[in-house]
Amino acid sequence: MKITILGCGPSWGMPSLINGFGDADPLEPRNIRTRSSILIEDQGVRILIDTGPDIREQLLRVGTPKIHALCYTHPHYDHMGGAEEFGMLTRERHEILHVYGRQKDILFLKSRMPYIFKAPEEQLIKTHYIRPYHKFQIAHLEILPIPQHHAASGSVGYRIGNFAYCTDVKSIDPEGWQCLKGIKTWILGCVTLEESSRWVHLAEALQWIKNLHPDRTFLTHLGPTMDYKTLKTTLPKGVCPCHDNLVIQV
Ligand SMILES: [Zn+2]
């Protein structure tokens, strides 16, 4: 399975309109980060997790491949704000796209962008509700959604085989930790060095990694206190920062 980090940036992207690169080195190209999203490819099947406002640029960078399915983590702008792009792409290509998410997130998407679900697109976009801790299947891949605590919306982590993607998470229930047991590769959202009520911060993330002990952990959703080179040289063995376009073989 091949995972491409389409984007590993925080909600506001980097550089941001708020504070540019913040504490991160503006001369380090790996500190340029689009909004967080990944592409999963296995045996010709492609699954996109999230479509933030940078999704057009991200898909162009990887050659605009056919996407079979889309899974949403939660409805925040940096994860769903580019949904119109896939609506247009699906219509122009006459391709069926399966969209997975919690019922409340799919209903939010439909209320926010009703026009992408109107005829003829409605024939092409098939929505599916996921249930916490209930596996679902996309082609040959079995996917386990794991509920996560994050702001008011909560979010969903996804496990596929020995790999899991958990972004925008502050805490995970004991049942969720059980679901993550045995993973070998973990992509974990870690926005900041400082404590936050919405996200796990670096010290907490390192404790989680110690407890779960996957072989490799890649930190994503990296904010302006998270300088690429500093992280690369100071993180413990088996933990490294993501950068946009990083490819991980699982
Ligand atoms: Zn986010």
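Start the tour by selecting His213: this residue comes right after helix H6 and has a positive phi, near 35 degrees. Helices (H or I, at least four residues) and strands (E, at least two) are DSSP runs, numbered from the N terminus. Residues are numbered from 1 along each chain as its sequence is written. You are looking at a predicted model, in which local features need pLDDT of at least 70, side-chain atom pairs count only at pLDDT 80 or more, and totals for chains, interfaces and linings use all residues.

**Helix H6 and its two sides**

Step back from His213 and colour Leu202, Ala205, Trp208 and Ile209, which are buried in H6. A residue is buried if 20 or more other C-beta atoms lie within 10 Å of its own, exposed if 12 or fewer, and partly exposed in between, with C-beta atoms placed from the backbone. Look down the helix: these residues cover an arc of only 115 degrees around the axis, which puts them on the same side of H6. That arc is the one spanned by the directions from the helix axis to the C-beta atoms. Turn to the other side of H6 and you will find the exposed residues Ala203, Gln207, Lys210 and Asn211.

What covers the buried side? Show strand S11 (185-189), strand S12 (216-220) and S13, which are among the elements over the buried residues of H6.

**Into the core**

Now select Ile38, Leu70, Cys71, Tyr158, Cys190, Ala205 and Leu219: in the largest nonpolar core, which has 58 residues, they touch the most other members. Helix H6 (residues 202-212) gives the most to this core, with four residues. A nonpolar core here is a set of buried Ala, Val, Leu, Ile, Met, Phe, Trp, Tyr and Cys residues joined through C-beta atoms within 7 Å.

Zoom in on Tyr158. Leaving out residues up to four places away in sequence, Tyr158 touches Ile49, Cys71, Ile143, Pro145, Ala164 and Tyr165. Two residues are in contact if their C-beta atoms, placed from the backbone, lie within 7 Å.

**The seven-strand sheet**

Next, show strands S7 to S13. They form an open sheet in the order S7-S8-S9-S10-S11-S12-S13, with mixed pairing. At the edges are strand S7 (136-138) and strand S13 (239-241), each pairing on one side only. Two strands pair if DSSP finds at least two bridges between them. Inside this sheet, strand S8 (residues 141-148) and strand S9 (residues 155-160) are antiparallel, with five bridges. For one facing pair, select Gln148 and Ser155 in S9.

**Strands S1, S2 and S3**

Move to the start of the chain. Strand S1 (residues 2-7) pairs with strand S2 (residues 37-42) in the antiparallel sense over five bridges, and here Ile5 stands opposite Ile38 in S2. S2 is also antiparallel to strand S3 (residues 45-49), again through five bridges, and Asp42 faces Val45 in S3. Two residues lie between the strands of the S2 and S3 hairpin, where Gln43 has a positive phi near 50 degrees.

While you are here, find Pro15 in the loop between S1 and S2. A cis peptide bond, with omega about 0 degrees, joins Met14 and Pro15. Most residues other than glycine have a negative phi, and most peptide bonds are trans.

**Helix H3**

Which residues of helix H3 (residues 83-93) are buried? Select Ala83, Phe86, Gly87 and Thr90. Seen down the axis of H3, they fall within an arc of 105 degrees, so they line one face of the helix. Met88 and Glu92 are exposed on the face turned away from the buried side. Around the buried residues of H3 you can show S4, helix H2 (77-80), strand S5 (97-101), helix H4 (103-112) and strand S6 (125-129), which they pack against. Just past H3, His94 has a positive phi of about 55 degrees.

**Two loop stops**

Thr64, in the loop between helix H1 (55-61) and strand S4 (69-71), has a positive phi of about 50 degrees although it is not a glycine. Thr64 is exposed, with 11 other C-beta atoms within 10 Å. Then go to Asn245, in the loop between S13 and strand S14 (247-249). Asn245 has a positive phi near 75 degrees and is partly exposed, with 15 other C-beta atoms within 10 Å.

**Zoom out**

Finally, show the whole protein chain, with its seven helices and 14 strands. Of its 250 residues, 44% count as buried. The C-alpha atoms fill a box of roughly 50 × 40 × 35 Å, taken along the principal axes.
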